[in-house]
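Welcome to this guided tour! Open your viewer, keep the selection tool handy, and follow along one stop at a time.

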Amino acid sequence: MKTILGASLGNCVHVAGIYRFLSLAEQYGYQAHFLGPAIPTEKLIEAIKEKKPERVIVGYRLSEEAARNIFQELKEALQKNQLLGKFILILSCTPALENVARQTGIFDYIFTGKERFEEIVQSITGHKESSPEEKYPPTLPERIKAKSPFPLLRHHFGLPSLSETIEGVARISESRVIDVISLGPDQNAQEFFFQPHLMNEEKRGAGGVPLRHPEDLKKIYEASRRGNFPLLRCYSGTNNLVEWAHLLKETINIAWGAVPLMWYSQLDGRSQRSLPVAIRENQEAMRAYASLGVPLEVNESHQWSLRDAPDSVAAATFYLAAYNAKKAGARYYIAQYMLNTPPGISPQADLAKMLAKAELVKELEGESFTVFTQTRGGLAHFSVDLNVAKGQLGASTFLGLFLQPQIIHVVGFCEADHLAHPEEVIESAQIVEGVIKDALFGLPQVQNDPVILENKERIKREAKLILEAIKRIGKEEEDPWASPQVLTQAVEEGILDAPHLLGNPHAPGKVKTRIIDGFLRVVNERGEIITEEERLNPLLQRLRLESL
């Protein structure tokens, strides 16, 4: 078994930090030996010779001059006994002593209380890497593996000025708190980057950074080559998605592509593509990312939930999104779980829905299709009161940890009020880091909660009824779940429907939902809960298809 020693040096009696560190090391398979407070250098050297540890952590929290003497004494003792460099030496001290400690050159890690929790774990689990590329791998799967068991932190960023965005990306990178910066272009760029003559420059910067040339993206990428060398990604665009895929791969080495299945169409008005054309082009974009070797996210399900769609529809479209990504050839898939959507649902309801989604998508996993879990707070639930929003960010992060995410999409606490600036991005990430530090390990097994379990199974069953209904209307198609025509008909007939689509010429918007006892339920005209069979069977009968 690997061994670690811990002690406070000289006349220092502060041991709480050392003791906590040794306890953490035990979780990673170390046998810990705590020597106690105020340990003389000679006694420490004797213990090192006897135990032959892989790691030693020492603490000193007194005056600067005394620290200088004790650190020098330790250095000389290690040199005399030919122990220097034979193990990883870690120091816990106050910030005031950091420079004195560095001057000795003997400590592999110096912790003052300012470091991130994952850096502390890194001192237990591995050695310092020799280059930024080794420490911060350039691809998503490698980055996830390198940071495990901690999730990557992703944050959206894009200001109405290109120069401010470039400067902000540099500041965020130097802070080392964000692993993935997700660029948000303005609406002009998203819709008309490849047809600049159609842009309305009076709306320049509306919604994000005004990208106009490939060089703009290259400059942003260069600004990120510092600090923790974050991965970059970008919105897919709402037109010319295939061209966007190639552009983003060439300019920012996009970490993963994110496209919808049915949206960015006349269904939501973010482009004027008809629904079947949008589905076909979105599928082409999926294939483009897959052919480039870029992981893929299909951000479909939460678009329905943002419009108060039934949980069954959210779960069914979550499955359809992953199904189409796999069919497009994606090797790595990012499944995004947007919590708190719609606002007002209970934590139990949220987890029941998300666990149902996770179990549905797990059916698609295999050697050629790896699914990464990404959680996020729901944007619509954040308060415009920034202090309240900070609490909501912490709460949604905590809830998401029950899903064991590899990626946390940090939603800036300020985004209900204004675009996040660099300092707000960094602060939001630090709030999330605090939650991770306290709650990542040892969470209870909520999937065994009887209310969550019952409703998870209900949502899964109802989602499968929707998928079966789509098969029935597409019975003439070889693969109805990937057919633009069949999926369009599923929307037009109301099999896939949401209350907020009422009045939309491309969807009925007839389904009614209400939050009842914390759960979003389908209801009839009298506000009474109805089953998915009761909702779907009249639609199938109208189409002269067999009932469920």
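Select Glu423 to begin: is this residue buried, partly exposed or exposed? Glu423 is partly exposed, because its relative accessible area of 42% falls in the range between buried and exposed. Before you zoom in any further, please remember that you are looking at a predicted model.

**Stop 1: a bridge between two helices**

Keep Glu423 selected and add Arg171. The side chains of these two residues meet in a salt bridge, with 3.8 Å from N to O. The pair links distant parts of the chain: Arg171 belongs to helix α8 (residues 162-175), Glu423 belongs to helix α17 (residues 422-439), and 252 residues separate them. Arg171 is partly exposed too, since its relative accessibility is 37%.

**Stop 2: the whole chain**

Now zoom out and show the chain as a cartoon. How many helices and strands are there in the chain? There are 20 helices and 15 strands. The radius of gyration is 27 Å, close to the 24 Å that the globule rule gives for 548 residues, so the chain is as compact as a globular protein of that length. If you draw a box along the principal axes, the C-alpha atoms fill roughly 90 × 55 × 45 Å. Of the 548 residues in the chain, 57% are buried.

**Stop 3: more salt bridges**

A search of the whole structure finds 27 salt bridges. Let's visit some of them.

Select Lys327 and Asp479. Their side chains form a salt bridge at 3.1 Å, N to O. This pair also links distant parts of the chain: Lys327 sits in helix α14 (residues 311-327), while Asp479 sits in the loop between α18 (450-473) and α19 (484-493), 152 residues apart. Which of these partners is buried, and which is exposed? Lys327 counts as exposed because its relative accessibility is 53%, whereas Asp479 counts as buried because its value is 18%.

Next, select Arg458 and Glu462. Here the side chains meet in a salt bridge of 3.4 Å, N to O. Both residues lie in helix α18, and they are 4 residues apart, about one turn of the helix. Check how they are covered: Arg458 is buried, and Glu462 is buried as well.

Finally, select Asp186, Glu201, Arg204 and Arg212 together. A network of salt bridges links these four residues.

**Stop 4: a patch of negative charge**

Turn on the surface and select Glu42, Glu46, Glu73 and Glu76. These residues gather in a patch of negative charge on the surface. Which elements give two or more residues to the negative patch? They are α2 (41-51) and α3 (64-80). Click on Glu42, which is found in helix α2. Glu42 is exposed, because its relative accessible area is 52% and the cut-off for exposed is over 50%.

**Stop 5: two cis peptide bonds**

Switch back to sticks for some backbone details. Select Ser148 and Pro149: the peptide bond from Ser148 to Pro149 is cis, and its omega is near 15°. Where is Pro149 found? Pro149 is in the loop between α7 (140-147) and β6 (152-157).

Then move to Thr341 and Pro342. A cis peptide bond joins this pair as well, with omega about 0°. Pro342 lies in the loop between β11 (332-338) and α15 (347-362).

**Stop 6: two positive phi angles**

Select Asn240. This residue is not a glycine, yet it has a positive phi of about 55°. You will find Asn240 in the loop between β8 (231-234) and α11 (241-252).

Now jump to Gln404, another residue other than glycine with a positive phi, near 55°. Gln404 is in the loop between α16 (386-401) and β13 (407-410). Gln404 is exposed, since its relative accessible area is 65%.

**Last stop: a glycine in a loop**

For the final selection, pick Gly442. What is its place in the chain? Gly442 is in the loop between α17 and α18, and it is exposed, with a relative accessible area of 78%. Add Glu424 and draw a distance line from C-alpha to C-alpha: Gly442 and Glu424 are 30 Å apart in space and 18 residues apart in sequence.

Conventions: Residues are numbered from 1 along each chain as its sequence is written. This is a predicted model: local features need pLDDT of at least 70, side-chain atom pairs count only at pLDDT 80 or more; totals for chains, interfaces and linings use all residues. Side-chain values use heavy atoms; hydrogens and water are left out. Patches are made of residues with over 30% relative accessible area and no salt bridge: like charges are joined within 9 Å, nonpolar side chains (Val, Leu, Ile, Met, Phe, Trp, Tyr) within 5 Å. Accessible areas come from the Shrake-Rupley method with a 1.4 Å probe; for residues, only the protein chains shown count as cover. Lys and Arg count as positive and Asp and Glu as negative; His and the chain ends are not counted. The place of a charge is taken as NZ of Lys, CZ of Arg, CG of Asp or CD of Glu. Buried means under 20% relative accessible area, exposed over 50%, partly exposed in between (1.4 Å probe, protein chains only). The radius of gyration is taken over C-alpha atoms; the globule rule is 2.2 Å times the number of residues to the power 0.38.
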